[in-house]
Amino acid sequence: MAKKRKRSSDATAPAAVPKPDDSAPERPERTLFGFKDDSAAEPASKDGGPVGPFFRNKEKVLITCSRRIVYRYRHLMQNMVSLLPHAKKDSKVEAKQSKGSALNELVELRSCSSCLFFECRKSKDLYLWMVKSPAGPSVKFLVNAVHTMEELKLTGNHLKGSRPLLTFSSNFDQQPHWKLLKEMITQIFATPKDHRKAKPFHDHVFVFSIVDDHIWFRNYQISVPHNEIDKVDKGGLDKMTLVEVGPRFCLNPIKIFGGSFGGPVLYENPFYVSPNQIRALEKRKKAGKYATKVKAKVRRKMHEMENTLEPDEFADLWKGED
């Protein structure tokens, strides 16, 4: 009869299977540049330790305008939407005193961190609000010398959605308020890396230059010859040319606020003159010309009354003869 097999006393028990974590992940911290995701980490360093949390730029810009905007400024806003692939367009907002709270709520609902608000007044003047929401800062500009893409009919034509190169003139680093404006423009107009609507290469340039305390904007296409004879080598810039695409406009800074659409005034332009004052001065000049004409007529009548002419003795000489 076969003997029974003895059981080993050191048999291992089955390991307990950990339960999956069904809780929702925490929302990453929101910064000035976007959201900082701590869950995704960069590749390990040479020593084997983690480098740190990987930063992903999730900058989104909300572009909207006020009601009763004219067609010229509406086309400029549409040009800006087409130039910024990370921009979102929304319906018009009533330009009242409470527009700041409405726009801040709208920016939060659309999950954006910046806003470009085109405000048109009297169907003549265009103001641009450049805002970082919700903590600020915000800048109010007066927009002059507006020329849209359709109006200029330029020969440049870059690919829609490609990432632009941002260039600034050297005088942006001279004063603190220009440095702040440079940082805000960089965050708003620079396309985030690996954006789903952006192309992975650069073929146009945004140029921001300061002339007479105004910021002038230009958009140029980087034109490269593609034939086999004049093919440009990597790093060769001697045969590359810049062709203007448009649009064109000029920004005159009025005030810089510490909050979003308001708050403490950080900077105020001492050389700014509102368009209403300019139009009032022009009307006064025209009124002055009319007043001088009226005074000249009155003086002429007074002179004629004081110096009356004597009757001519030959006035009725040929009156009776036919």
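## Close-up views of a predicted model

**View 1. Ser 113, which at 5% relative accessibility counts as buried.** In this predicted model, Ser 113 sits in the loop that runs between helix H2 (99-109) and strand E6 (114-121). The side chain of Ser 113 is joined to the side chain of Glu 59 by a polar contact of 3.0 Å. Ser 113 is classed as buried because its relative accessibility, 5%, falls under the 20% limit.

**View 2. Arg 68 and its salt bridge with Glu 94.** Arg 68 is found in the loop between strand E4 (61-65) and helix H1 (71-83), and with a relative accessible area of 60% it is exposed. Most residues other than glycine have a negative phi. Arg 68, which is not a glycine, has a positive phi of about 60°. In the salt bridge between Arg 68 and Glu 94, the closest N and O atoms are 2.8 Å apart. Since Arg 68 belongs to the loop between E4 and H1 and Glu 94 to the loop between E5 and H2, the pair ties together parts that are 26 residues apart in sequence. Glu 94 is partly exposed, its relative accessible area being 27%. A network of salt bridges links Arg 67, Arg 68 and Glu 94.

**View 3. Arg 72 and Glu 151, a salt bridge between two helices.** The closest N and O atoms of the salt bridge formed by Arg 72 and Glu 151 are 3.2 Å apart. Arg 72 lies in helix H1 and Glu 151 in helix H3, so the pair ties together parts that are 79 residues apart in sequence. Arg 72 is partly exposed, with a relative accessible area of 30%, and Glu 151, at 36% relative accessibility, also counts as partly exposed.

**View 4. Glu 119 and Arg 121, a salt bridge with one buried partner.** Glu 119 forms a salt bridge with Arg 121, in which the closest N and O atoms are 3.2 Å apart. Glu 119 is buried, with a relative accessible area of 2%, whereas Arg 121 counts as partly exposed at 35% relative accessibility. Side chains of opposite charge can pair when their charged atoms come close. Over the model, the count comes to 11 salt bridges.

**View 5. Asp 90 and its polar contacts with Ser 91 and Arg 110.** Asp 90 is placed in the loop between strand E5 (87-89) and H2. One polar contact, of 3.2 Å, joins the side chain of Asp 90 to that of Ser 91, and another, of 2.7 Å, joins the side chains of Asp 90 and Arg 110.

**View 6. Two cis peptide bonds, before Pro 137 and before Pro 247.** Most peptide bonds are trans. The peptide bond from Gly 136 to Pro 137, however, is cis, with omega near 0°, and Pro 137 is found in the loop between strand E7 (125-132) and strand E8 (138-147). The peptide bond from Gly 246 to Pro 247 is likewise cis, with omega near 0°, and Pro 247 lies in the loop between strand E12 (241-244) and strand E13 (248-259).

**View 7. Phe 261, a buried residue with a positive phi.** Phe 261 is found in the loop between E13 and strand E14 (262-268). Phi of Phe 261 is near 60°, a positive value in a residue other than glycine. With a relative accessible area of 13%, Phe 261 is buried.

**View 8. Helix H5, with Lys 283 and Met 305 and the patches to which they belong.** Lys 283 lies in helix H5 (residues 275-306) and is exposed, with a relative accessible area of 61%. The positive surface patch that includes Lys 283 is formed by Lys 122, Lys 124, Lys 283, Lys 285, Lys 286, Lys 289, Lys 293, Lys 297 and Lys 301. Met 305, also found in helix H5, counts as exposed at 62% relative accessibility. Together with Tyr 290, Val 294, Val 298 and Met 302, Met 305 makes a nonpolar surface patch of about 530 Å².

**View 9. Thr 155 and Gln 221, 66 residues apart along the chain.** Thr 155 has its place in the loop between helix H3 (149-152) and strand E9 (162-168), where it is exposed, with a relative accessible area of 72%. The C-alpha atoms of Thr 155 and Gln 221 are separated by 9.5 Å.

Technical notes:
Residues numbered from 1 in each chain as written. Predicted model: local features only at pLDDT ≥ 70, side-chain atom pairs only at ≥ 80, totals over all residues. Heavy atoms only, no water. Helix = DSSP H or I, 4+ residues; strand = E, 2+ residues; numbered from the N terminus. Buried < 20%, exposed > 50% of the residue type's maximum accessible area, 1.4 Å probe, protein only. Polar contact = N/O pair within 3.5 Å; in protein donor to acceptor, adjacent residues only side chain to side chain. Patch = residues over 30% accessible without salt bridge, like charges linked within 9 Å, V, L, I, M, F, W, Y side chains within 5 Å. Areas by Shrake-Rupley, 256 points an atom, 1.4 Å probe, with all protein chains shown as cover. Salt bridge = Lys/Arg side-chain N within 4 Å of Asp/Glu carboxyl O. Lys, Arg positive; Asp, Glu negative; His and termini not counted. Charge placed at Lys NZ, Arg CZ, Asp CG, Glu CD.
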